[in-house]
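Here are a few notes to help you find your way around this one. Have the model open while you read, and take the points in order.

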Amino acid sequence: MHDARVAAMFGRDRAAAIFAVGMVWFVYAFTFWTMRQACDTCGITYLVLGVGACVVLLNTAAIAAMIRHYREDRDAIYGTDLYYLDRLREMRRAGEA
């Protein structure tokens with residue numbers, strides 16, 4: 001089953017996931033930038049940088065794996081959603097919902 005609606009839903013979800021990862025990178029970079037002077041004073045700059053890098057890299061890898069999985073199984077994942085959305089639309093037209 002290759003439906004244009006499935007492709008559209010997958011595209012929106014992929015874009016949202018990429019945006020979310022970009023925001024995580026931005027928040028960590030902004031936080032490090034604003035806290036760098038305090039980190040320098042305490043001598044933990046490299047520790048904070050290393051831990052932050054691990055967090056953003058692991059988050060990025062997890063989202064990339066999720067996108068890959070969704071791409072492989074998108075017909076099954078989104079097909080179920082579309083089935084129930086279509087049923088709900090039919091019920092609303094018939095005045096049942």
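**Notes on the pocket and the helix packing**

1. Start with the largest pocket, whose lining is made up of Trp25, Tyr28, Ala29, Thr31, Phe32, Met35, Cys39, Val48, Leu49, Gly52, Ala53 and Val56. Two elements give two or more residues each to that lining: α1 (4–42) and α2 (45–72). Keep in mind that this is a predicted model.

2. How big is the largest pocket by volume? The figure comes out at about 200 Å³. As for who supplies the walls, α1 gives the largest share of the lining, with seven residues.

3. The lining of the largest pocket has ten nonpolar and two polar residues, and no charged ones. If you colour the model by residue class, that is a good spot to look at first.

4. Next, the two helices around the pocket. The axes of α1 and α2 come within 10 Å, and they cross at roughly 180 degrees. An angle over 145 degrees counts as roughly antiparallel, so α1 and α2 are roughly antiparallel to each other. Sorted by class, their contact holds 18 nonpolar residues, four polar and five charged.

5. Now bring in helix α3, residues 74–93. Its axis lies 10 Å from that of α1, and the packing angle between α1 and α3 is about 115 degrees. The range for roughly perpendicular is 65 to 115 degrees, which is why α1 is described as roughly perpendicular to α3. The α1 and α3 crossing is right-handed.

6. Which residues make the contact between α1 and α3? On the α1 side they are Arg5, Val6, Met9, Phe10 and Asp13. From α3 come Arg74, Asp75, Tyr78, Asp81, Leu82, Asp86 and Arg89. By class, this contact of α1 with α3 has seven charged residues, five nonpolar and no polar ones.

7. That leaves α2 and α3, which pack at an angle of about 75 degrees with their axes 5 Å apart. This angle makes α2 roughly perpendicular to α3. His69, Tyr70, Arg71 and Glu72 of α2 meet Arg74, Ile77 and Tyr78 of α3. Here the classes are three nonpolar, one polar and three charged residues.

8. To pull the helix pairs together: α1 and α2 are roughly antiparallel, while α3 is roughly perpendicular to α1 and to α2. Two α3 residues worth clicking on are Arg74 and Tyr78, which are listed in the contact with α1 and also in the contact with α2.

Methods. Residues numbered from 1 in each chain as written. Predicted model: local features only at pLDDT ≥ 70, side-chain atom pairs only at ≥ 80, totals over all residues. Heavy atoms only, no water. 1 Å grid on protein atoms, 1.4 Å probe; cavity = no way out; pocket = protein on both sides within 12 Å on 5 of 7 lines; lining within 4 Å. Points joined across faces, edges and corners; volume = space filled by probe spheres on them. Helix = DSSP H or I, 4+ residues; strand = E, 2+ residues; numbered from the N terminus. Nonpolar A, V, L, I, M, F, W, Y, C, P; charged D, E, K, R; others polar. Axes fitted to C-alpha atoms, helices over the stretch in contact; angles between N-to-C directions. Parallel < 35°, antiparallel > 145°, perpendicular 65-115°, else oblique. Left-handed = near helix turned anticlockwise from the far one by under 90°. Contact = heavy atoms within 4.5 Å.
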